[in-house]
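Got your viewer ready? Load the model, switch to cartoon, and follow along one selection at a time.

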Amino acid sequence: MLSTRYVTGAPIWVDLGTTDMDGAAAFYRGLFGWDFEKGGEEVGGYGLFRRDGRTVAGGMTVTPEMGAPAWSVYFRTPDADATARQVEQAGGRTTWEPADVLDLGRMAGFTDPGGAAFSVWQPGRNPGLELVDAPGALVWTELYAPDTEAAAAFYGTVFGWRTLGQPFEGGTYTMVYPGAGTEDDMFGGLWPLDQDPVEREAGACWMPYFQVDDIDAVVERARATGGTVRAERMDLKEVGAFAKLADPYGARFALMQPERS
């Protein structure tokens, strides 16, 4: 699962772009107990979500011209410029060029050949999220792709990811982990877009999953505070419970309550 031992290709950051930062901060505070610390002018107001004093995500206000409200997933790279070249050579495209963020790190944004957006972070003074795989923090990532084999090949070329087919009731789930890691470092999965009616309509994307202790309570809080339940609770034996939501401004994300042993 996820850890803060950020090897190349592992998820290292997530952030929210929203049209109403104050409203979104209140929503996620109610869901996960997050506090939002707004950044200064030097970072364009980009702020940090924290839980118990540790960073769990970033967030900033976006205008309609910048795109719809959304969560973005970042993967670790030792060289954002080299990754940009690899993305282009592998059939993806650069949506925003590599750029330094003060001395915190270097970042870039891309779109994979299937149409899903993703980003990279080359750590500087900011090494990545301080809390993962814990209640109220990122626990899993999932790509809904038009062609999972093509997606695996693309990200394998760019990041060196390895894959493992996990049989389950109803099919096989393609799990991914960093080439520099082991199967214990599984951090996400690839799922055919046409096999998920909810995501098929919305389009290819990377979906962040946040861990919760009581998924039913969190789903009800989301409903009560303006969120949308896109997919009701589903239980997967020996894994846990899942649900898909959208915040009041349309950003999509998911919940995971791990099965207790």
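How many bridges join S2 to S3? There are 3, and the two strands run antiparallel. Before going on, note that this is a predicted model, where local features need pLDDT of at least 70, side-chain atom pairs count only at pLDDT 80 or more, and totals for chains, interfaces and linings use all residues. Residues are numbered from 1 along each chain as its sequence is written, and side-chain values use heavy atoms, leaving out hydrogens and water. Element names follow DSSP runs numbered from the N terminus: helices are H or I with at least four residues, strands are E with at least two. Strands pair if DSSP finds at least two bridges between them.

**The sheet**

Select aspartate 35, then look across to S3: its bridge partner there is arginine 50. Now move on to S3 and S4, an antiparallel pair joined by 5 bridges. They make a hairpin with 2 residues between them, and aspartate 52 in that turn has a positive phi of about 55 degrees. Pick arginine 51 as well: opposite it, in S4, stands arginine 54.

Zoom out to see the open sheet of 8 strands, ordered S2-S3-S4-S1-S5-S8-S7-S6 with mixed pairing. Its edge strands are S2 (35-37) and S6 (93-101), each pairing on one side only. From one strand to the next the twist averages 25 degrees.

Next, colour S7 (residues 105-111) and S8 (residues 117-123), which pair in the antiparallel sense over 7 bridges. Click on methionine 107 and you'll find tryptophan 121 of S8 standing opposite. Keep S7 and S8 on screen and add H2, which packs on the sheet and touches S6, S7 and S8 (contact means heavy atoms within 4.5 Å). The direction of H2 makes about 180 degrees with that of S6. Axes here are lines fitted to C-alpha atoms, for helices over the stretch in contact, and angles run from 0 to 180 degrees between N-to-C directions.

**Helix against helix**

Which residues of H2 and H3 make their contact? First show H2 (residues 80-89) and H3 (residues 148-159), whose axes come within 9 Å and cross at roughly 150 degrees. The two helices are therefore roughly antiparallel to each other, a label for angles over 145 degrees. Now turn on side chains: Thr83, Gln86 and Val87 of H2 make the contact with Phe154, Val158 and Phe159 of H3. Those residues divide into 4 nonpolar, 2 polar and no charged.

Over to H1 (residues 21-32), which lies across S1 (11-18), S2, S3 (47-51), S4 (54-61) and S5 (70-76), running at about 130 degrees to S1. Add H5 (residues 215-224): H1 and H5 pack at an angle of about 155 degrees, with their axes 9 Å apart. That makes H1 roughly antiparallel to H5. Show Phe27, Gly30, Leu31 and Phe32 in H1, which meet Val218, Arg221 and Ala222 in H5.

**Last stop: a salt bridge**

The structure holds 14 salt bridges (a side-chain nitrogen of Lys or Arg within 4 Å of a carboxyl oxygen of Asp or Glu). For one of them, select aspartate 103 and arginine 125, whose closest N and O atoms are 3.2 Å apart. Aspartate 103 sits in the loop between S6 and S7, while arginine 125 is in the loop between S8 and S9 (138-145), so the pair links distant parts of the chain, 22 residues apart.

Technical notes
Angles under 35 degrees count as roughly parallel, over 145 as roughly antiparallel, 65 to 115 as roughly perpendicular and the rest as oblique. Ala, Val, Leu, Ile, Met, Phe, Trp, Tyr, Cys and Pro count as nonpolar, Asp, Glu, Lys and Arg as charged, and the others, Gly among them, as polar.
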